[in-house]
Amino acid sequence: MKKITLFEGDGIGPEITQTVLDVFKALEVPIEFEKYDIGQTSYDKTGILIPEDAIESIKRNKLALKAPITTPIGKGFRSINVELRMIFDLYANIRPVKTYKQLKSRYENVDIIVYRENTEDLYIGEEKQVSEDECIAIKRITRHATRRIIKKAFNDAVKLGRKKVTCVHKANILKLTDGMFLDEFNKIKKEYPSIEADDLIVDIACMKLVMQPENFDLMVMPNLYGDIISDLTSGLTGGVGLSPSVNMNDECAMFEAVHGSAPKHAGLNDANPTAFLLSACMMLDHIGYQEEGDRVRAAINSCFDNIELC
């Protein structure tokens, strides 16, 4: 019996989590979920955002399925998502998007995977107030973190049969930090002669994505650009409600939907569980149950076939 740590989150989290649990019960996959509260729900009960037993569960299981958790804006506690990525060094955030022919969209034949470095850049959250009128945020890029995300992107491109890897950066302005990221990309790409490799400045990449997204395949980039670009690509294909993701390293993986907790929709039973279901399918693939994952994806496609679009 495979054990998986489960966080049902808050907002719409418990509703979409129950959908996934119902589907897994129907699949009869030999999985046991260890459920824990983290974030605001845990804090309200215990005064602790991430209980130690939840951390120990992930350490044991090496697998977690996490529903959305609300992060206060401009105040309150730091993002639980960022905290978990840091605790377990989940350096790769992988977000695939694709168009569905049954769903009306501006684009066709979009199939992109965004590889986002997950532990550095501005997301380290180091800020200081210099004066009453000036604040500074630290952007950190290291060669170690840069190399491992770029190597993973190329290795996965080979494994998945992808043809091209695009590096996104702002090295024309940020010559040290993004310059290092681009320099490592240019070194590593030489190790993969079968993969086409190019690079784009982030603003140009955004423009080209909305003009001809079908020209992109697999993309790799620092943390902040990855957050922005992955939401942009989600918008090209129908929104974050269709976008799954995984945060992972070489030993541990945490699967989650790209979208947030949508607290205004909590309890209304109108939340779309597709992204979380697709994240669960990615998890099934990861642990060797690809046939079961394909069954769920086929069921989702069947539902799309029967949607009456306005």
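**Entry 1. Isoleucine 204 and its surroundings**

I began with isoleucine 204, which counts as partly exposed because its relative accessibility is 33%, a value between the cut-offs of 20% and 50%. I note here that the model is predicted. I then looked up where isoleucine 204 belongs, and I found it in helix 7, which covers residues 202-211. Next I asked which residues form a nonpolar patch on the surface with isoleucine 204. I recorded Met207, Val210 and Met211 beside Ile204, and together the four have about 350 Å² of accessible area.

**Entry 2. Aromatic pairs**

I turned to the aromatic rings, and I noted 4 aromatic pairs in the structure. A pair of aromatic rings is described by the distance of the centres and the angle of the planes. For tyrosine 100 and phenylalanine 304, I read 5.0 Å between the ring centres and 75° between the planes, so I entered this pair as edge-to-face. The cut-off behind that step is an angle over 60 degrees.

I then asked where the two residues lie in the chain. Tyrosine 100 is in the loop between strand 4 (92-98) and strand 5 (111-117), whereas phenylalanine 304 is in helix 10 (residues 290-305). The pair therefore ties together parts that are 204 residues apart in sequence. Are these two residues buried or exposed? I found tyrosine 100 buried, and phenylalanine 304 likewise.

My next pair was phenylalanine 154 with phenylalanine 185, which is tilted, with 5.5 Å from centre to centre and 35° between the planes. Phenylalanine 154 belongs to helix 5 (residues 143-160) and phenylalanine 185 to helix 6 (residues 177-188), so I noted a link between distant parts of the chain, 31 residues apart. Both phenylalanine 154 and phenylalanine 185 are buried. I also saw that ring pairs join Phe154 and Phe185 with Tyr192 in a cluster.

**Entry 3. Charges over rings**

I looked up positions where a charged side chain lies over a ring. Arginine 116 is placed over the face of tyrosine 123, 5.0 Å from the ring centre. Lysine 164 has its charged end over the ring of phenylalanine 216, at 5.8 Å from the centre.

**Entry 4. Arginine 162**

I closed with arginine 162, located in the loop between helix 5 and strand 8 (164-169). Its relative accessible area is 15%, so I entered arginine 162 as buried, the cut-off being under 20%. Which backbone oxygen lies 2.9 Å from a polar atom of its side chain? I found that this oxygen belongs to aspartate 111.

Technical notes
Residues are numbered from 1 along each chain as its sequence is written. This is a predicted model: local features need pLDDT of at least 70, side-chain atom pairs count only at pLDDT 80 or more; totals for chains, interfaces and linings use all residues. Side-chain values use heavy atoms; hydrogens and water are left out. Rings of Phe, Tyr and Trp (its six-membered ring) pair if their centres lie within 6.5 Å; planes under 30 degrees apart count as stacked, over 60 as edge-to-face and the rest as tilted. Helices (H or I, at least four residues) and strands (E, at least two) are DSSP runs, numbered from the N terminus. Buried means under 20% relative accessible area, exposed over 50%, partly exposed in between (1.4 Å probe, protein chains only). A charge sits over a ring if NZ of Lys or CZ of Arg is within 6 Å of the ring centre and within 35 degrees of the ring normal. Patches are made of residues with over 30% relative accessible area and no salt bridge: like charges are joined within 9 Å, nonpolar side chains (Val, Leu, Ile, Met, Phe, Trp, Tyr) within 5 Å. Accessible areas come from the Shrake-Rupley method with a 1.4 Å probe; for residues, only the protein chains shown count as cover. A salt bridge is a side-chain nitrogen of Lys or Arg within 4 Å of a carboxyl oxygen of Asp or Glu. A polar contact is a pair of N or O atoms within 3.5 Å; within protein, one must be able to donate a hydrogen and the other to accept it, and residues adjacent in sequence count only if both atoms are side-chain atoms.
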